[in-house]
Structure formats: C-alpha cells, structure tokens
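Please open the structure in your viewer and keep the selection tool at hand. This tour proceeds from one selection to the next.

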Amino acid sequence: MKNYSKIIDTLYQNKIQYKIDENLSKHTSIKIGGKAKIFVEVKTEKELVFLLKYLSLIDTKYHILGNGTNTLACDDDFEEVVICTKALKWYKVSGDTSKNLFSIYIQSGMGLFELNKKLRTLGLGGLEFSYGIPGSVGGAVCMNAGAYGKCIGDFVEYVKIFDGERVLKISKKNMLFSYRQSLVQNSNLVVLGVKLNLQKSDSKDIEFLQKQYFQKRLDSQPYDKLSFGSCFKRYEGKEPISKLIDDLGLKGYRIGDAEISKKHAGFIINIGSATCQDVRLLIKYIQEKIFEHYGFVPEPEVKFLGE
Ligand SMILES: Cc1cc2nc3c(=O)[nH]c(=O)nc-3n(C[C@H](O)[C@H](O)[C@H](O)COP(=O)(O)OP(=O)(O)OC[C@H]3O[C@@H](n4cnc5c(N)ncnc54)[C@H](O)[C@@H]3O)c2cc1C
C-alpha cells in the first residue's frame, strides 16, 4: 500500500485507533471480504475530517464504510484505507412546537434501527418505513435508502458533507436525490451528518407503524439470512427484477455458497462460506439470463469494495 508507514505513523502520533489486516467479512452483512490493510473506526467527526484531509493531502485512496449492509467486499486483501463511521452517533433535536415541526440532526454512523428507536421515544414521526433497513444514516443518505414508497431523501433539510477540503451543508435540492441515488454516490464526498424534518407524533402510533413495516419485511424477505438486501435496482418500465428472476425459475440457484433466495428472488444469500467471486459470478449469471429473455441488463444496487 502506498504511504503505508507514513499513515501508520500519523495515526499513532494523533492517537487515532486503527487495526491492521482487519477482516472485512466482520463488517459486511453478507459476511464476505478479505482483509483491509488499514481499518479505522473513527471516534469523532474531528478525527474523521482530520483523516480525510490527511489522506487527500498525501494522495491516498480510502473507502467509507457505514454498516456494510449494501457492500460486497473483494476476497483479496484491500489496499485502500477503510474508514468506518459506526461510532459517530451524536444527535440533536430542534423544533418549532407551535408549528408542530421538528428537526433532528444525526451524525452519519448512527444505525437506522437505533435512530428509529430514538424517534419513537421522542415522538417524532415520518421515518417509520425505514425501521428494518439495517444501514447507517450515512449509508442511507448515500443510497437514498427507501421502502414502501418513501425514501430518506424525502425528509432531508440538509446534509453535512466533507468534500476533501471543506465542510459544507448541502440542501435537499442540491443533493439530487432520486431512486437509490444521490450526489454522494460514486463521488469523493463524505456524509458527516444529516438534518431531517419530522413531525410530532404519538409514540404508540410510531411503534405501531414501525412494527407493521418490520413485519412486512419478515414476511417477504430472507431477513434471517446473510445478504446485502436487494441485489439489483428497479429498472424503469419493467417489472421488479425479483419477479423476472422468479419467472425464470432461478430461485434457489447456487454458485458455490451464494444462492438466489428461495423466499425473495431479488436477494442473494450466503448459505455458508460464499466468496465474493461466487456472488459476482451469480450476479453475472442473472444479468445474462435477464438479457437473454428480456433484452436489458439489470444494474446492481450493491456497492463493490475492491476489484
Ligand atoms: C436484510 C436487508 C434489507 C435491506 N432492505 C433495504 C430496503 O428496504 N431499502 C433500501 O434502500 N436498502 C435496503 N438494504 C440495503 C442497505 O441496508 C441500505 O442501502 C443502507 O442504506 C446501506 O447503509 P450502510 O451504512 O450499511 O452502507 P454501506 O454498505 O456501509 O455503504 C454503502 C455505500 O454507501 C457509502 N457510504 C456509507 N457511509 C457513507 C458516508 N458517511 N459518506 C459517504 N458515503 C457513505 C459507501 O461508501 C458505499 O458506497 C437492505 C439490506 C439488508 C441486508
């Protein structure tokens, strides 16, 4: 890895904790991935910004990881610095009680489960649809995560971002949210936090909705299996990709230990010791079959870490 010793020295001198050769399979929901040469779970926003500035100064690549629930990490060792945001969980509520409008600013590492539990206690409604999406707030903003006709982008006031040099607040409009898409995706922008606009609501009603949405998931998805959620994005003007895969009779089809879920054909699951190579071959196989029968190639929703 380029600048390896320099980076280790800087981390050590600045008392930033790091791990060497950390198994990425421990940090992805599908439990696949080789080792990251340097893995840093940043403890504060200041630490994150310092590290990002430093790495860009010495022209060294990095990869941001939230909860790793939409990530397929390569089997080989990964030569970039992996920065995990999981520990960044600070939040602050502000509101205009007279208008019944409230906002919450949340740092990027908080998980959507934890956020939803807090919103329930605070009596802030709107985000119930996201109860059960296992990602972090930063990952959700990057992916514009959504379900049941709603997505996180709908609730954003602004996103606090680091662009390599400066910390900026980007308004909802300028975040260019669309279906599983945002300004942040495939860029060098890093989400530090997000301000969401929500409404005062009864905690019991919030809990009821959260449970309802969660049950829908349990009923339709292989939620107890190792996966990264839906493998492919919806293709405009076509039926859901999972339906097309199902119609082709591919449920249960396996390459190595990677299997097209028998419960939901849009999910690829790791049934034991699947490798990234198994999953990639299975994705390619599905793409070829869909192209052969329907004339288009579905685009993966999952993000690849490494080759
Ligand atoms: C069982 C299951 C069900 C799921 N259901 C849904 C669903 O209903 N709807 C849905 O949309 N998704 C769903 N997902 C997918 C996934 O949970 C979401 O995409 C989630 O938002 C990813 O968040 P994460 O923190 O895990 O992202 P990661 O996997 O860690 O990262 C995903 C991408 O976001 C980037 N990223 C992460 N944090 C930041 C940051 N702070 N700044 C910049 N970039 C960042 C990463 O670099 C990567 O490109 C599901 C996944 C599973 C396993």
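Is Lys243 buried, partly exposed or exposed? Select Lys243 and display its surface: with a relative accessible area of 36%, this residue is partly exposed. Please bear in mind that the model is predicted.

Next, add Asp247 to the selection. Lys243 and Asp247 are joined by a salt bridge, and their closest N and O atoms are 2.8 Å apart. Side chains of opposite charge can pair when their charged atoms come close. Now show the backbone as a cartoon. Both Lys243 and Asp247 belong to helix H6, which covers residues 241–247. They are 4 residues apart, about one turn of the helix. Asp247 has a relative accessible area of 45%, so Asp247 is classed as partly exposed.

Clear the selection and choose Lys19, Glu22 and Lys26. A network of salt bridges links these three residues. Begin with Glu22 and Lys19, whose side chains meet in a salt bridge at 3.8 Å, N to O. Then turn to Lys26: its side chain meets that of Glu22 in a salt bridge at 3.4 Å, N to O.

How accessible is each member of this network? Glu22 counts as buried because its relative accessibility is 6%, under the cut-off of 20%. Lys19 is partly exposed, with a relative accessible area of 42%. Lys26, at 53%, is exposed.

Finally, return to a view of the whole structure. How many salt bridges does a search of it find? The search finds 19 salt bridges, among them the bridge between Lys243 and Asp247.

Notes: Residues numbered from 1 in each chain as written. Predicted model: local features only at pLDDT ≥ 70, side-chain atom pairs only at ≥ 80, totals over all residues. Heavy atoms only, no water. Salt bridge = Lys/Arg side-chain N within 4 Å of Asp/Glu carboxyl O. Buried < 20%, exposed > 50% of the residue type's maximum accessible area, 1.4 Å probe, protein only. Helix = DSSP H or I, 4+ residues; strand = E, 2+ residues; numbered from the N terminus.
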